[in-house]
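Me: I'm new to this one, so could you walk me through it in plain questions and answers?

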Amino acid sequence: MKRIDKIYQFIKTKTSEFTLEELLNNNGLTATQVSEELGILRNNVSMELNQLLRADKIIKVKGRPVLYLEKSELEKVVGHALSAGPIEIQSVDEIISSTKSAKEEENPFDYLIGAEGSLKNQVEQAKAAVLYPPNGLHTLIVGQTGVGKTLFVNMMYSYARYARKLGEDAPFIVFNCADYYNNPQLLLSHIFGHIKGAFTGADSEKPGLVEKANGGILFLDEIHRLPPEGQEMIFYFMDTGVFNKLGETERNRSANVLIVGATTEDPNSYMLKTFIRRIPIIINIPSFEERNISEKIDILKYLLLKEAHRVNKPIKITPEVVKALIGSASYGNVGQLKSNIQLICAKGFLNSINNDEAIELDFKTLPSNIKDGLFSIGNKRKEFEELGEALNSTILVSPEGYKVLLEEDPYEPPFNLYKIIEDKASILRDEGMDEEYINKFITTDINIHLKSFYDKFKNDKVKKDSILKIVDKDIVKFAEEIKQLAQEKLKRRYSDRLVYALSLHFSAFFKRIQGESYIRDGNMDGVIKNNPDEFAFALEIKELIEKRYNLEVPDVEVVYIALLLSSVEEVSEGQVGIIVAAHGNSTASSMVNVATKLLGEGRICAVDMPLEISPKKILDIIVDKVKDIDMGKGVLLLVDMGSLYSFESVIMERTGINIKTVDMVSTAMVIEALRKTNVMDMELTDIYNSIKSFKGYSHEINEEIIHGEKVIVTVCSTGDGTAVKLKELVQDIIYNLTEERIKVIPVGIKNLDNSIEEIQKKHNIIAIVGIKKPKLPIPFIPLEVLIDGRGEQILRDVITNNSITLNERDKNILVEDLCKDSLNQFLTFLNPNKITSVLIDFVSVLENKFSRDFSNTKRISVAIHVGCALERMVIKEGLNYAGEIESIEKDTFELVKECSAIFTQSLNIVLSDDEIAYICDMIN
C-alpha cells in the first residue's frame, strides 16, 4: 500500500470510532499522532495530509494543535452530506450549524466578476434567454478564446435551476463541434444519434445528445464547426422541436431542449444566415483587455485565491507583479492569465516548500515573458495610472473563501502540479541533491508541464497546411497510399520525401493532361533497363491512377514515376559524428562548449589531452568515443597537431567506422563542422572537403565564384511542372528572408550532377533543394525538411553565410505541422487536433525514459503510428504482433507500457500489449 493510502486508511478508521459528542469536544488526529502510530517521518505525513485535504478526502480543523478527520465518516456521524471541499473549519460546530438550503438560494450570477459592470447587459440577456416562456430562447455566445464563454454558459444553467425554470436534475450536456468537424457523418451521429445500419460500423442504435439533453440545456461549443447540413438539422429542431436520427427518413422524435452555442468567429462569416435568424439572442463576451481595471484585479485575485486554496497556503503578491500579470495577458485573455499565474505560483510554491509561510511572488523571480507585461502596460498611461491608484501595497490572498464556479474547466490542467512538485522534490532530496539543483530541475519540469497543456490553446490561424497549400488534399492522400505500397513491393523504407515528391509530380501531371501537354523523352529504354523493379511497380501505379482519376496515363509518365522511385533515397537516420581532440587540460572542451552553446547539442564530443598522458592511452579513449558517437554515417575527427593526425587509419581498422581527419582545429572550425551536421545534415565526405578548405568566417566567400550570380537549385523528377512548383515555394521563403535577388533554377534528376556542374560554371550555387542529393559538396535541403518547416531555418543559415543581408518579414511561410497533417489523412474517429499534443508528449516521455534523442523523422513516424494504434483501439481492431512478445527485452516493453499510461490519463484509451510490442520495434 502506498504511504498516502496508509495514512488515509488510518484516519478513516480512527474517525469512524468518534461519537458526535467527542467530535464537538474537538477530538481529531494530529500529524504527530499519525507519524508516531505509522512510523512515518512527520514532514512526509504533513505533505500527504495536505494532498488528502486538496483531494477533498479529509477535513482540517484549525487550531492548536491542527486536527484532521476523514470526510465520509464525518458525514455519517453528523447525518448529512458536506459541501465540496477542501474544507477547513474552526470546529465541528460549524458543520452542524451549516445548512444546504442557504447555499441553494444564492443567485449564481452574483459570483460572476463584472455582473454589475462590463457584463451587466450580458447577464440581463442571459436571464431573459432562460426565463422567456415557455422554454427559454436559444442563445449564441460570441467571444475570443479564453474570455470565459464556457463559464458564462454554466452560469446560465445554474441560474435556470435557481429560478426553477429547470429541475435540480435537469441535464446539462456539453459537446465541442470541433472534435469531429472533419467527419460530418460522425458529428451528426453524436448530436442526433443513429439507428442500426445507418453507416458502416453502426452495429446498434445509439441515442444522440439532443435526446440526452431533453428537459435541459445542450451546449454546442465551437458551433461554427457544424457543417451546413448539421446547421439545417439544428435550426429545424429549433423551429419544431422534432428531429430524426441518422438513417431515419422521417422526423418523428421530439425533445424539449434549450440550445446554447459558443463561437470565437464572426457568426455572419461562418454560419448560415437561416441558422443565425433562428437564434434570437446573441451575447458578446468582452475580452480581458476590454474589462475595467477593478474587474481585472478581481479576476486576478480570484485566480490567486484558487491557487492558494489548492496549496493551502496564503499568497503574497507585490503591485509590480500584479501589473506584469495583467499586462502579460495580451493574448489568450483570462485563459492566458490563468496559465501565467499557475506558472509563477508553482515556482513560488517550490521556493516555500520547506516552510509553512506564505508563498511570496516577487517581480525579480518572474520569467522574462511575464516581466515584459509590466513594460507592455506601462505604454498604456491611463491604465497604468489607474492600476497605481488601485494597488497601494502588497496583496495577501488567504486560502479561505474560495468558491468553485466551474466544475470542469477546459483551461484546468488534468494533473496536480503541486503534487508533482512535492513528490519530485522529496525524491530528489532522498537522493542527496542540493536545493539549487532541485529548484533548477523542477522549474524546468513546471515549464514543460504547463507549456505542453496550454500549447493547445494557442492561436492556430498563423499555421499553414504545408504541402496541402500547394497540392490538392486527395492527391496527397493518394501519394501516401503509393508510399505504403512502394515500401511493401520494393522492400524499402521511404521517408516522407517520397510523399511530397509524388504529390508535386502528380499535381503537375494532372495539369499537363488537362492542357494536353506531355513530356517527351527519347531515352526511356535506359531507365527501364536500369530500374526494372521500379518500372514494374510504376506500371501498377499507372493502373491505380487510371482507375481512381478516370484518365489515360502516357508511357512516358510511367518512366518518370519509375525514375522518381529509384532516385528518392530511402530513410536515413542519424548525423555525422564529430570528435574534437586537442592537447591541454580543457582546450577541446572549451571549443565544443562554445559551439554547442551557439548551435545547440549535436553528435559532438571533446577529448582533452593533458601532456602527461601517453598517445596510446589517448588512442584508446578516441576509439571508445568513435564507437559511442557513430550513427552509421561516419565520424569527423578534428585535431590540433602531432600524433593525433595519424590516428585515422588505426581507428578505422579497429572500429570499421569511416573516419575523416582535419588538423589545425580552431573554435571557428568546430562551429562550422557542427553547423554542417546539425543544420545542413551534410554527408561526411562533403563536410570533410568543406572544412579542409575552411579559412574562418572572415573568408567565407569563395574567391572563385564571388562574381557569380547566387542561385538555389530545385530538384524534382522532370525539372518541369513539379520542380517549378517547388521553385515557387522556395521563392516565397527567400522573399520572406531577404530583399536581395536570388535566382531559383529547377532541374530534373536525370544527369543531375552534370546539370549542377553546368549551372556552377555560370552561377554561385548556395543551396540545392529537392528529392535527390547531388555528389557535389553543396548544402542540400531534402524536400521533406523544406515542407516540415526546418528548411526555412536552413535557408536562413545559408543566406547569412553567403553575405546576404537578412530582412525578414513578419510572415510564417512553413510551419512544422506534419504530424497533424498526416493524421488528418489516416484517422476517422479520433480528432488529430485533439490528440497530436498528447502524442508529442508521449514521444518526449519515450525519449526521456530511454535517454535518447529521436530524429524529427523518428518522432513523426512514432507519433503517426501510435495515433493510428489509438484509433485501432477505439474501433477494436488492434494489430496482432507478428513475433513473440516474450522475445522483446522486458525492460524496454515495461518502459513503453509505462509511457503509454499518458493515453489512459488523457484519452481513456489503453494500448494492447501487441500494439506496445510494435512500438518497441520502432524504438529499437
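What follows is a short chat about the chain as a whole, its helix packing and a few single residues.

Me: Before we start, what kind of model is this, and how are its residues numbered?
Reply: It's a predicted model, in which local features need pLDDT of at least 70, side-chain atom pairs count only at pLDDT 80 or more, and totals for chains, interfaces and linings use all residues. Side-chain values use heavy atoms, with hydrogens and water left out, and residues are numbered from 1 along each chain as its sequence is written.

Me: How many helices and strands does the chain have?
Reply: Both are DSSP runs numbered from the N terminus: H or I over at least four residues for a helix, E over at least two for a strand. On that basis the chain comes to 41 helices and 23 strands.

Me: What percentage of the 924 residues count as buried?
Reply: Buried means under 20% relative accessible area, exposed means over 50%, and partly exposed is in between (1.4 Å probe, protein chains only). Of the 924 residues, the buried share is 51%.

Me: What share of the contacts with a separation of 6 or more comes from residues 24 or more positions apart?
Reply: A contact here means heavy atoms within 4.5 Å. Among contacts in the chain with a separation of 6 or more, residues 24 or more positions apart account for 74%.

Me: How does helix 1 sit against helix 3: roughly parallel or roughly perpendicular?
Reply: Axes are lines fitted to C-alpha atoms, for helices over the stretch in contact, and angles run from 0 to 180 degrees between N-to-C directions. Under 35 degrees counts as roughly parallel, over 145 as roughly antiparallel, 65 to 115 as roughly perpendicular, and the rest as oblique. The axes of helix 1 (residues 3-16) and helix 3 (residues 31-38) come within 11 Å and cross at roughly 110°. That makes helix 1, relative to helix 3, roughly perpendicular.

Me: Which residues make that contact between helix 1 and helix 3, and how many are nonpolar?
Reply: Helix 1 brings Lys6, Ile7, Phe10 and Ile11, while helix 3 brings Val34, Glu37 and Leu38. Ala, Val, Leu, Ile, Met, Phe, Trp, Tyr, Cys and Pro count as nonpolar, Asp, Glu, Lys and Arg as charged, and the others, Gly among them, as polar. By that split there are 2 charged, no polar and, for the nonpolar ones, 5.

Me: What about helix 15 and helix 17: at what angle do they pack?
Reply: The axes of helix 15 (residues 293-311) and helix 17 (residues 333-351) are 10 Å apart. Helix 15 is oblique to helix 17, because the angle is about 40°.

Me: How do the residues of the contact of helix 15 with helix 17 divide by class?
Reply: Among them are Leu300, Leu303 and Lys306 of helix 15 and Ile341, Gln342 and Phe349 of helix 17. By class, the contact has 4 charged, 1 polar and 10 nonpolar residues.

Me: Is isoleucine 712 buried or exposed?
Reply: Isoleucine 712 lies in strand 20 (residues 709-716). Leaving aside neighbours within four places in sequence, isoleucine 712 touches residues including Val730, Ile745 and Leu795. Its relative accessibility is 0%, so isoleucine 712 counts as buried.

Me: Which residue, 57 positions along the chain, has its C-alpha atom 8.7 Å from that of threonine 714?
Reply: Threonine 714 is in strand 20, and threonine 714 is buried, with a relative accessible area of 0%. The residue with its C-alpha atom 8.7 Å away is isoleucine 771.

Me: How many disulfides are there?
Reply: A disulfide is a pair of cysteine sulfur atoms within 2.5 Å. For cysteine 899, the nearest cysteine sulfur is that of cysteine 920, 9.8 Å away. Cysteine 899 is buried at 3% relative accessibility. Across the whole structure, the number of disulfides found is 0.

Me: Where is proline 134, and what is the omega of the cis bond from proline 133?
Reply: Proline 134 is in the loop between helix 8 (120-131) and strand 4 (139-142). The peptide bond from proline 133 to proline 134 is cis, with omega near -5°.

Me: Is asparagine 908 buried or exposed?
Reply: Asparagine 908 sits in the loop between helix 40 (901-907) and helix 41 (913-923). Asparagine 908 has a positive phi of about 60° although it is not a glycine. At 66% relative accessibility, asparagine 908 counts as exposed.
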